[in-house]
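Subject: Structure for you to look at

Dear colleague,

I am handing over the structure that we spoke about, and below it you will find my notes. Please read them with the structure open beside you.

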Amino acid sequence: MTNNSVFNNENSPVYMLTNNGYVSPVIISPSEYSAASSQRLFCLSTGNVSLGSGASLLLQIANPNGSGRTVYLSRVAGGASNTVTLTVASGGIITGGTTPTPVNAYLGSATTSIVTTRQNTGTIGGTPTSFFAAMAADIYIVEFNGAIIVPPNQTLTVTAGTGSVTASLNLMWWEV
């Protein structure tokens, strides 16, 4: 058995494995880091909402036609006091409710999001196309890492429900 020296010098296999002479330094980080430092990462939260029997919590972002930007969904997170069905859909109509303001993840930034928002409770209208559904309870996080893309003139709707439950929805996305 070879008795290799533990000291790390240029001729040592340890040195060769830990140093990359081709590209240095190599720094790899999630896209959200770059988006946040560019002041283009946004968060939107419903807060905790009590739902009546048969109602769902609804949260929607729409990328307006002619915005000149594309929205990349980073994650959907939230919580529920009981089990809910979490659904992510393309399209759909939320009538009434409120228009919460997205927060820039670069705290103190004056850069605002291009999306329009809508929040309410009840049922979603129109003809949404659901493409993700899961049962959730307690705290949940669904990572999309930018794989869901909302181009101009498209809408993304997230619902949590139904039933007598207290729930919250949080969206995080970046815009390019």
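Before the notes begin, one term is needed: two rings of Phe, Tyr or Trp, with the six-membered ring taken for Trp, are called a pair if their centres lie within 6.5 Å, and a pair is stacked if the planes are under 30 degrees apart but edge-to-face if they are over 60 degrees apart. By this rule the chain holds three aromatic pairs, and please keep in mind throughout that this is a predicted model.

One of these pairs is formed by Tyr72 and Trp174, whose rings are stacked, with 5.7 Å from centre to centre and 15° between the planes. This pair links distant parts of the chain, since Tyr72 belongs to strand β4 and Trp174 to strand β9, 102 residues apart. The two partners are covered to differing degrees: Tyr72 has 23% relative accessibility and therefore counts as partly exposed, whereas Trp174, with a relative accessible area of 9%, is buried, because the limit for buried is under 20%.

Another of the pairs joins Phe132 and Phe144, and here the arrangement is edge-to-face, with 5.5 Å between the centres and 80° between the planes. Phe132, at 24% relative accessibility, counts as partly exposed, while Phe144 is buried, with a relative accessible area of 12%.

Turning to the chain as a whole, the secondary structure consists of two helices and nine strands, and if you read along the sequence you will meet them in the pattern α-α-β-β-β-β-β-β-β-β-β. The chain has 176 residues, of which 38% count as buried, and it exposes about 10000 Å², with carbon and sulfur atoms supplying 53% of that area. Among the contacts between residues at least 6 apart in sequence, 87% join residues that are at least 24 apart.

The largest nonpolar core has 29 residues, and the members that touch the most others are Ile61, Val76, Leu156, Val158, Leu169, Leu171 and Trp173. The elements that give two or more residues to this core are β1, β2, β3, β4, β7, β8 and β9, and among these β4 gives the most, with seven residues. Apart from this core lies another, of five residues, which include Ala35, Ala36, Leu41 and Trp174.

Two single residues are also worth finding in the viewer. Which backbone atoms does the side chain of Asn104 reach? This residue is placed in strand β5, residues 103–104, and its side chain reaches the backbone nitrogen of Tyr106 at 2.8 Å and the backbone oxygen of Thr111 at 3.1 Å. Asn104 counts as buried, because its relative accessibility is 7%, and, if residues up to four places away in sequence are not counted, Asn104 touches Gln39, Leu41, Phe42, Ser109 and Thr111.

The other residue is Thr129, which is found in strand β7, residues 129–150. Leaving aside its neighbours within four places in sequence, Thr129 is in contact with Val88, Ala89 and Ser90. Thr129 and Ala89 are 40 residues apart in sequence, and yet their C-alpha atoms are 5.2 Å apart in space.

With best wishes

Notes
Residues numbered from 1 in each chain as written. Predicted model: local features only at pLDDT ≥ 70, side-chain atom pairs only at ≥ 80, totals over all residues. Heavy atoms only, no water. Helix = DSSP H or I, 4+ residues; strand = E, 2+ residues; numbered from the N terminus. Contact = heavy atoms within 4.5 Å. Buried < 20%, exposed > 50% of the residue type's maximum accessible area, 1.4 Å probe, protein only. Areas by Shrake-Rupley, 256 points an atom, 1.4 Å probe, with all protein chains shown as cover. Core = buried A, V, L, I, M, F, W, Y, C linked by side-chain atoms within 4.5 Å. Polar contact = N/O pair within 3.5 Å; in protein donor to acceptor, adjacent residues only side chain to side chain.
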